[in-house]
Amino acid sequence: MKSRPLKVIGALHFNPLPGFKGFNSLEAVLEKALEDCRAFRKGGISTVIVENNYDLPHRIQVGPETVSAMTFLGQKLVERFPEMEFGISVLWNDYRAALAIAKTIGGTFVRVPVFVDDVETAYGLIRANARDVIAYRKSIGASEVKIYADVQVKHARLIERGKDMLVSARESVEAGADALVFTGMWTGDPPSISMLERVHRFFPRA
């Protein structure tokens, strides 16, 4: 089987947004984001996911000020870099906000950290609801926006202890995920190569 070309996705973390400690101005946040995109483009990366990673403490669902700011910033990035593809992640797990933003700015995918597995995080318990994710995407006419679902997401404790990651991967695909995200337990930790090999054997086209 001919292997597909490797696709690298750059992660762009917005500086703190309105309502969070460290926020300066949207102009300053935008300038830093533009600088990051220029660096990605120079390095040959054409796909970027934007996140509100520095909005601390994270919220499971964000307020309208975050949706407004990320929509404004995302639209500016799309306008300045029309050759690039953009995805949206709204932390901690606000897939409704992410899908709405992506639909508005022309984003091509969203990241959903909690799709099929309930987890406990430092910010509270998050219940998975893949059916609602799919239904909401359809309700706003965003079926073209792909869902990148984390499999047993990092920085969280799985409620169903001992669940095989391959089972979670299969459930994610069956629930409608367009792509799967695998990480280590913490940022910077690599995922298990043996687990990735198992998943690839199960989903040879993935």
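**View A. Helices α1 and α2 pack against each other in this predicted model.**
Let us start with the helix pair: α1, residues 26–42, packs on α2 at an angle of about 40°, and the two axes are 10 Å apart. The angle falls in neither the parallel, the antiparallel nor the perpendicular range, and α1 and α2 are therefore oblique to each other. The crossing of α1 past α2 is right-handed. By class, ten nonpolar and three charged residues make up this contact, with no polar ones.

**View B. The side of α1 that meets α2, residue by residue.**
Zoom in on the same helix pair and you will find Leu26, Val29, Leu30, Ala33, Leu34, Cys37 and Arg38 on the α1 side. Their counterparts in α2 are Ala69, Phe72, Leu73, Lys76, Leu77 and Arg80.

**View C. Six strands form an open sheet.**
Following the sheet across, you meet the strands in the order β1-β2-β3-β4-β7-β9, and the pairing is parallel. At the edges are β1 (9–13) and β9, each of which pairs on one side only. On average, neighbouring strands in this sheet are turned by 25° against each other, direction ignored. Helix α1 lies across β1, β2 (47–51) and β3, and runs at about 165° to β1.

**View D. Strand β7 pairs with both β4 and β9.**
Here we look at β7, residues 146–150, a mostly covered strand in which four of the five residues are buried. With β4, β7 pairs in the parallel sense over four bridges. A handy landmark on that side is Val110, which stands opposite Ile147 of β7. With β9 (residues 179–181), β7 also pairs in the parallel sense, over three bridges. There, Asp150 has Val181 in β9 as its bridge partner.

**View E. Helix α3 and the elements its buried residues pack against.**
Which residues of α3 (residues 95–105) are buried? They are Tyr95, Ala97, Ala98, Leu99, Ile101, Ala102 and Ile105. These buried residues pack against two helices, α2 (64–80) and α4 (130–139), and against two strands, β3 (85–89) and β4 (109–112). Do look just past the end of the helix as well: α3 is followed by Gly106, which has a positive phi, near 85°.

Notes
Residues are numbered from 1 along each chain as its sequence is written. This is a predicted model: local features need pLDDT of at least 70, side-chain atom pairs count only at pLDDT 80 or more; totals for chains, interfaces and linings use all residues. Side-chain values use heavy atoms; hydrogens and water are left out. Buried means under 20% relative accessible area, exposed over 50%, partly exposed in between (1.4 Å probe, protein chains only). Contact means heavy atoms within 4.5 Å. Two strands pair if DSSP finds at least two bridges between them. Axes are lines fitted to C-alpha atoms, for helices over the stretch in contact, and angles run from 0 to 180 degrees between N-to-C directions. Angles under 35 degrees count as roughly parallel, over 145 as roughly antiparallel, 65 to 115 as roughly perpendicular and the rest as oblique. A crossing is left-handed if the near helix is turned anticlockwise from the far one by less than a right angle, and right-handed if clockwise. Ala, Val, Leu, Ile, Met, Phe, Trp, Tyr, Cys and Pro count as nonpolar, Asp, Glu, Lys and Arg as charged, and the others, Gly among them, as polar.
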